[in-house]
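Reader: I'm new to this one and would like a close look at a single part of it. Could you walk me through it in plain words?

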Amino acid sequence: MTIKTLIGKQALLLAALTEEELVQMNLSFPDTVYCQGRIGSMNLQKVIAAVETAAKRNGMINEGCYRENHALYHAVLEAIEGVTRGQTAIGEMSRTVGLRFSVVRGWPYEEQAEGEWLAVAFYGTIGAPVKGLEHETSGLGINHI
């Protein structure tokens, strides 16, 4: 099934669904490029670094272009705010996250002259660093390049 939809929705689907589920549902996303990854940590910097590393390794952003790095950073921070309910701290508050993430690059508007945008989505768990005491969480950040 081909989904022609906004990049935020694509990012959320890619973060929430496993590779197996994507294949089972036969989903494809035209006109965008994306990457996915996983991170578990009590350190917010490690979460940010995992997304940045995945985006760079998969050619999602040009490492030497400041505005592309800047757009990614702000999309990540916006998505983290959703995950942490506005309290952008993890370990300092004795909580940990186990997240799947995706980065999608594309055009959210019909008029491509509006330029490319980046969407970053997280889906997973957050909670006390004790197995079984976490709950589901998600976050989405979108920024223009």
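Which residues does threonine 32 touch, not counting residues up to four places away in sequence?

Author: Happy to. Keep in mind that this is a predicted model. The protein averages a pLDDT of 89, and 97% of the residues score at least 70.

Threonine 32 touches Ile7, Gln10, Val104, Arg105 and Gly106, once residues up to four places away in sequence are set aside. You'll find threonine 32 in the loop between α2 and β1. Threonine 32 counts as buried because its relative accessibility is 15%, and the cut-off for that label is under 20%. Its side chain also makes a polar contact, at 3.0 Å, with the side chain of glutamine 10.

Let's follow those contacts outwards, starting with the helix. Ile7 and Gln10 are among the buried residues of α1, along with Gly8, Ala11, Leu14 and Ala15. These buried residues are on the same side of α1, because they cover an arc of only 160° around the axis. What do they pack against? The answer is α2, β1, β2, β3 and β4.

Now for the sheet. This is an open sheet of four strands in the order β1-β2-β3-β4, and the pairing is antiparallel. β1 (33-41) and β4 (134-144) stand at the edges with a single partner strand each, so one side of each is left without a neighbour in the sheet. From one strand to the next, the twist averages 15°. Helix α1, covering residues 7-16, packs on this sheet and touches β1, β2, β3 and β4, with its direction at about 140° to that of β2.

Val104, Arg105 and Gly106, which threonine 32 touches, bring us to strand β2, residues 96-106. This strand runs antiparallel to β3 (residues 117-127), and 11 bridges join the two. Arginine 105 has leucine 118 of β3 standing opposite.

One step further along the sheet, β3 and β4 also pair in the antiparallel sense, over 11 bridges. Here alanine 119 stands opposite isoleucine 142 in β4. The hairpin of these two strands has six residues between them, and in it glycine 132 takes a positive phi near 95°.

Another helix belongs in this picture too. α4 lies across β2, β3 and β4, and runs at about 150° to β4. How sure is the predictor about the helices? Among the elements of the protein, α4 has the highest mean pLDDT, at 96, while helix α2 (residues 19-25) has the lowest, at 83. So α2, whose loop to β1 holds threonine 32, is the element with the lowest mean score.

For a detail inside α4, try asparagine 69, which lies in that helix (residues 66-83). A polar atom of its side chain is 2.9 Å from the backbone oxygen of cysteine 65. The side chain of asparagine 69 also reaches the backbone oxygen of asparagine 62, at 3.4 Å. Leaving aside neighbours within four places in sequence, asparagine 69 is in contact with Lys56, Ile61, Asn62 and Glu63. Lysine 56 is 13 residues away along the chain, and its C-alpha atom is separated from that of asparagine 69 by 9.1 Å.

Back to where you started: threonine 32 is buried, with contacts that include Gln10 and Arg105. Gln10 is one of the buried residues of α1, and Arg105 stands opposite leucine 118 in β3.

Definitions and conventions. Residues are numbered from 1 along each chain as its sequence is written. This is a predicted model: local features need pLDDT of at least 70, side-chain atom pairs count only at pLDDT 80 or more; totals for chains, interfaces and linings use all residues. Side-chain values use heavy atoms; hydrogens and water are left out. Contact means heavy atoms within 4.5 Å. A polar contact is a pair of N or O atoms within 3.5 Å; within protein, one must be able to donate a hydrogen and the other to accept it, and residues adjacent in sequence count only if both atoms are side-chain atoms. pLDDT is the predictor's confidence in each residue, from 0 to 100. Two strands pair if DSSP finds at least two bridges between them. Axes are lines fitted to C-alpha atoms, for helices over the stretch in contact, and angles run from 0 to 180 degrees between N-to-C directions. Buried means under 20% relative accessible area, exposed over 50%, partly exposed in between (1.4 Å probe, protein chains only). The arc is that of the directions from the helix axis to the C-beta atoms.
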